[in-house]
Amino acid sequence: MDIKAITICGGGNATHAMIPIIQSNFHGKINLFLPYKEEVKYFKRLIDEREFIIATKGEEKLKGCPDKVSKFAEEVCSDADLILLPLPAFAHEQTVGQIAPFLKEEAIIGAIPSRSGFEYSTLQILKEAHRERVKIFGLQTLPWACRIREYACKVEILGEKNLVGLAAFPHETTFELANFLTHLFNLTITPLPNMLTLSLANIGQIVHPGIMYGLFKGNEMRRYKKEEIPLFYQGVTKEIAQILEEMSKEVLVLTEKAKEESEYIDLSNVLSLKDWLTTSYQDSIRDKSTLETCFVTNRAYQGLCAPMREVENGCFLPNFQSRYLTEDVPYGLVVTKAIAQLAEVKMPIIDEVIVTVSKWMGREYLTDGYLKGRDIKETRIPQNYGINCLEELINL
Ligand code: NAD
């Protein structure tokens with residue numbers, strides 16, 4: 001794969017981690033596209049002062065610095081062979097729209113992570129910009145848990161996944177791309193058979209809205225003192241685990257229906273929630289006997305609290321504008337519900353979760369079980385991009 005220049009879009013936690021990691025394994029150019037707020041200013045200073053981003057991973061330290069940064073896509077995207085989008089899903093469409101006119105004809109562009117429905121919106125934007133030859137891909141998750149410790153200066157890599165799935169369009173690119181990214185990130189990127197797998201196997205869409213629903217239904221307005229804030233993943237009770245299990249089952253029923261529609265579609269990587277947890281966190285779960293214990297005894301989830309906002313001194317309310325909802329509902333669960341609607345599969349539990357949490361978010365996606373809510377246009381459902389039957393979706 002002949003990649004000489006990489007452009008990373010956005011300047012968040014994941015970008016900070018990627019710069020030193022990529023520079024350790026790649027000798028070409030690394031540019032940043034930073035149209036958001038004042039981010040570009042800090043990275044310009046980094047370059048001008050010949051400083052580095054320092055990434056700490058346990059005892060290990062990596063350093064790296066971009067070659068060029070800009071607020072303007074034309075300056076940093078027109079020579080890029082590979083463009084990475086380590087962005088929240090709600091920033092994908094806007095960012096792809098900004099860079100599309102300047103992309104090389106055969107560039108490759110990928111969302112890390114993709115969340116659901118990335119291909120529907122991105123292919124449409126590329127078509128409108130006459131960039132049909134641009135290849136796209138998505139990763140199933142961000143490979144690292146990482147936090148900026150000092151902006152444009154220090155980042156901590158708290159954890160790293162051993163294995164992350166990648167799906168690409170057109171599919172022929174998948175293997176070569178997975179090999180290249182394995183080398184670039186120095187961890188295993190495994191090929192997935194299609195991008196529909198990324199949408200259906202988007203585990204965050206079950207876990208995040210499902211746990212929020214379980215923790216806060218009936219407690220929406222309860223004020224918590226700091227010490228009362230519930231653990232998020234390790235706060236999963238038997239009842240919450242049951243909700244999550246039902247949601248996961250509904251996705252699997254849909255997956256089976258999609259398989260019936262076409263004998264050629266390979267959806268074998270869409271796992272049940274429990275199978276996904278035990279596969280992804282093999283070594284960190286102490287008790288794998290039930291879904292509840294897979295959450296509660298998972299070391300990787302230790303100490304992570306539910307998202308809250310402080311309302312007055314020392315009092316907290318649940319934060320319903322958290323990414324656990326603003327990313328995982330419109331760019332996750334609602335997309336799956338939309339695919340289920342095309343497949344004529346009912347999802348009563350997922351419907352109930354969507355209706356409840358979207359009210360908390362001040363949004364309306366579902367009305368009377370149909371995707372006709374006031375805010376449906378802001379979601380990445382295939383119907384918003386003119387895909388109105390299951391066959392068409394699978395053939396894509
Ligand atoms: P982040 O909050 O640090 O933000 C990333 C960048 O996105 C911002 O710096 C900005 O450049 C851009 N951005 C944000 N909002 C925007 C908007 N409205 N319009 C245009 N640009 C905008 O995010 P992150 O922590 O780097 O996460 C990136 C992705 O990885 C997200 O999907 C996140 O859910 C996922 N993720 C992150 C972690 C982690 O540990 N950081 C772990 C798992 C998954």
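## A four-stranded sheet

Let's start with an open sheet of four strands, which runs in the order β4-β3-β10-β9 with mixed pairing. Both β4 (60–64) and β9 have a single partner strand, so each stands at an edge and has one side without a neighbour in the sheet. From one strand to the next, the twist averages 25°. All of this is read from a predicted model.

Within this sheet, strand β3 (residues 53–57) pairs with β4 in the antiparallel sense, over five bridges. If you would like a pair to look for on screen, try Ala55, whose bridge partner in β4 is Leu62. As general background, the strands of a sheet pair through backbone hydrogen bonds, either parallel or antiparallel.

## An eight-stranded sheet

There is also an open sheet of eight strands, and its order is β5-β2-β1-β6-β7-β8-β11-β12. Its pairing is mixed. The edges belong to β5 (68–70) and β12 (188–191), each of which pairs on one side only. Neighbouring strands here are turned by 25° against each other on average, with direction ignored.

Two of its pairings are handy to trace. Strand β1 (residues 5–9) runs parallel to β2, and five bridges join them; Ile6 has Ile30 in β2 as its bridge partner. Strand β2 (residues 29–33) has four of its five residues buried, so this strand is largely enclosed by the rest of the structure. Further along the order, β6 (residues 82–85) and β7 (residues 108–111) are also parallel, joined by four bridges. There, Leu85 stands opposite Ala111 in β7.

## Around the ligand

Now to the ligand, which is surrounded by 22 residues. The closest are Asn13, Ala14, Glu39, Arg323 and Glu327. Sorted by class, the shell holds 12 nonpolar, five polar and five charged residues. β9, an edge strand of the four-stranded sheet, gives the largest share of this shell, with four residues.

Several polar contacts can be picked out. An oxygen atom of the ligand lies 2.6 Å from an N or O atom in the side chain of Glu39, and the side chain of Asn13 has an N or O atom 2.8 Å from a ligand oxygen. Leu87 takes part through its backbone, with a polar atom 3.4 Å from an oxygen of the ligand. Taken alone, the ligand exposes 820 Å², and the protein buries 81% of that. The elements that give two or more residues to the shell are α1 (13–25) and β9 (144–150).

## Helix α5 and the residue after it

Helix α5 spans residues 118–128, and its buried residues are Phe118, Glu119, Tyr120, Ser121, Thr122, Ile125 and Leu126. After α5 comes His130, which has a positive phi, near 55°.

## A loop serine

Finally, have a look at Ser262, in the loop between α9 (238–261) and α10 (273–280). Is Ser262 buried or exposed? Its relative accessible area is 14%, and the cut-off for buried is under 20%, so Ser262 counts as buried. The side chain of Ser262 reaches the backbone nitrogen of Tyr264 at 3.1 Å. Asp287 is 25 residues away from Ser262 in sequence, and the two are 38 Å apart in space, C-alpha to C-alpha.

Notes: Residues numbered from 1 in each chain as written. Predicted model: local features only at pLDDT ≥ 70, side-chain atom pairs only at ≥ 80, totals over all residues. Heavy atoms only, no water. Near = heavy atom within 4 Å. Polar contact = N/O pair within 3.5 Å; in protein donor to acceptor, adjacent residues only side chain to side chain. Areas by Shrake-Rupley, 256 points an atom, 1.4 Å probe, with all protein chains shown as cover. Nonpolar A, V, L, I, M, F, W, Y, C, P; charged D, E, K, R; others polar. Pairing = 2+ DSSP bridges. Axes fitted to C-alpha atoms, helices over the stretch in contact; angles between N-to-C directions. Buried < 20%, exposed > 50% of the residue type's maximum accessible area, 1.4 Å probe, protein only.
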